[in-house]
Amino acid sequence: METVKLINKKGEIIERLKIQYEPNEKIWAERGWSVYEGKPKPVETKIEPSGDPEWQPEAPKKKKKSKKKAK
């Protein structure tokens, strides 16, 4: 059985049988669903450091835990 993936405006994807979708395309469209075409994932861009190449970020300082005194 062939299936169709549908996506709505929120980005939710559902899968339905093609024989269930084709006769009801108008109803699915009214409800905000359209055929999902498998959009490619965005390509991550590499961020190059600028400025002094020897500069190192400071390490975060450790927080001291305070102890409460019992009365």
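**A walk through a small sheet and its core**

With a relative accessibility of 40%, Val35 counts as partly exposed. In other words, Val35 falls in the class for values that are neither under 20% nor over 50%, so "partly exposed" is the right label. Keep in mind as you look around that this is a predicted model. Val35 makes a handy starting point, and we will come back to it once the overall layout is clear.

Let's step back to the whole chain. The protein chain has 71 residues, and 11% of them count as buried. Its secondary structure comes to 2 helices and 3 strands. If you read along the sequence, these elements follow the pattern β-β-α-α-β. Among the contacts between residues at least 6 apart in sequence, 32% join residues at least 24 apart.

Now find the strands. The 3 strands make an open sheet in the order β2-β1-β3, and the pairing is antiparallel. The two edge strands are β2 (13–17) and β3 (34–35), each of which pairs on one side only. Here is something to trace in the structure: how many bridges join β1 and β2? The antiparallel pairing of β1 and β2 runs over 5 bridges. Two residues of this pairing are easy to look up: Val4 has Arg16 of β2 as its bridge partner, and Lys5 stands opposite Glu15 in β2. On the other side, β1 and β3 also pair in the antiparallel sense, over 2 bridges. There, Leu6 stands opposite Val35 in β3.

That brings us back to our starting residue. Val35 has its place in strand β3. Along the chain, Val35 and Leu6 are 29 residues apart, yet their C-alpha atoms are separated by 4.6 Å. Which residues does Val35 touch, if we do not count those up to four places away in sequence? The list is Val4, Lys5, Leu6, Ile7 and Tyr21. Val4 has a list of its own: leaving aside neighbours within four places in sequence, Val4 is in contact with Ile14, Glu15, Arg16, Lys18, Tyr21 and Val35. Tyr21 is on the contact list of Val35, and Tyr21 is on that of Val4 too.

Next, follow the chain from β1 into β2. These two strands form a hairpin with 5 residues between them, and Gly11 in the turn has a positive phi of about 95°. Asn8 is found in this loop between β1 and β2. Is Asn8 buried or exposed? At 15% relative accessibility, Asn8 counts as buried, because its value is under 20%. Its side chain has polar partners: the side chain of Asn8 reaches the backbone nitrogen of Lys10 at 3.2 Å, and the side chain of Asn8 also makes a polar contact with the side chain of Glu12 at 2.9 Å. Beyond its neighbours within four places in sequence, Asn8 is in contact with Gly32 and Trp33.

Trp33 leads us to the nonpolar core. Which residues form the largest nonpolar core? It has 6 residues: Val4, Leu6, Ile14, Tyr21, Trp28 and Trp33. Let's check the two tryptophans. Trp28 has a relative accessibility of 15%, so Trp28 counts as buried. Trp33 is buried as well, with a relative accessible area of 15%.

The two tryptophans have one more thing to show. A pair of aromatic rings is described by the distance of the centres and the angle of the planes. The count for this model comes to 1 aromatic pair. The rings of Trp28 and Trp33 have their centres 6.3 Å apart and their planes at 85°, so the pair is edge-to-face. The angle of 85° is over the 60 degrees required, which is why the pair earns that name.

Finally, look for charged partners. The count comes to 1 salt bridge. Glu2 forms a salt bridge with Lys18, and their closest N and O atoms are 3.4 Å apart. Glu2 lies in the segment before β1 (3–7), whereas Lys18 is in helix α1 (residues 18–21), so the salt bridge ties together parts that are 16 residues apart in sequence. The two ends fall into separate accessibility classes: Glu2 counts as exposed at 54%, while Lys18 counts as partly exposed at 30%.

Technical notes:
Residues are numbered from 1 along each chain as its sequence is written. This is a predicted model: local features need pLDDT of at least 70, side-chain atom pairs count only at pLDDT 80 or more; totals for chains, interfaces and linings use all residues. Side-chain values use heavy atoms; hydrogens and water are left out. Rings of Phe, Tyr and Trp (its six-membered ring) pair if their centres lie within 6.5 Å; planes under 30 degrees apart count as stacked, over 60 as edge-to-face and the rest as tilted. Buried means under 20% relative accessible area, exposed over 50%, partly exposed in between (1.4 Å probe, protein chains only). A nonpolar core is a set of buried Ala, Val, Leu, Ile, Met, Phe, Trp, Tyr and Cys residues joined through side-chain atoms within 4.5 Å. Contact means heavy atoms within 4.5 Å. A salt bridge is a side-chain nitrogen of Lys or Arg within 4 Å of a carboxyl oxygen of Asp or Glu. Helices (H or I, at least four residues) and strands (E, at least two) are DSSP runs, numbered from the N terminus. Two strands pair if DSSP finds at least two bridges between them. A polar contact is a pair of N or O atoms within 3.5 Å; within protein, one must be able to donate a hydrogen and the other to accept it, and residues adjacent in sequence count only if both atoms are side-chain atoms.
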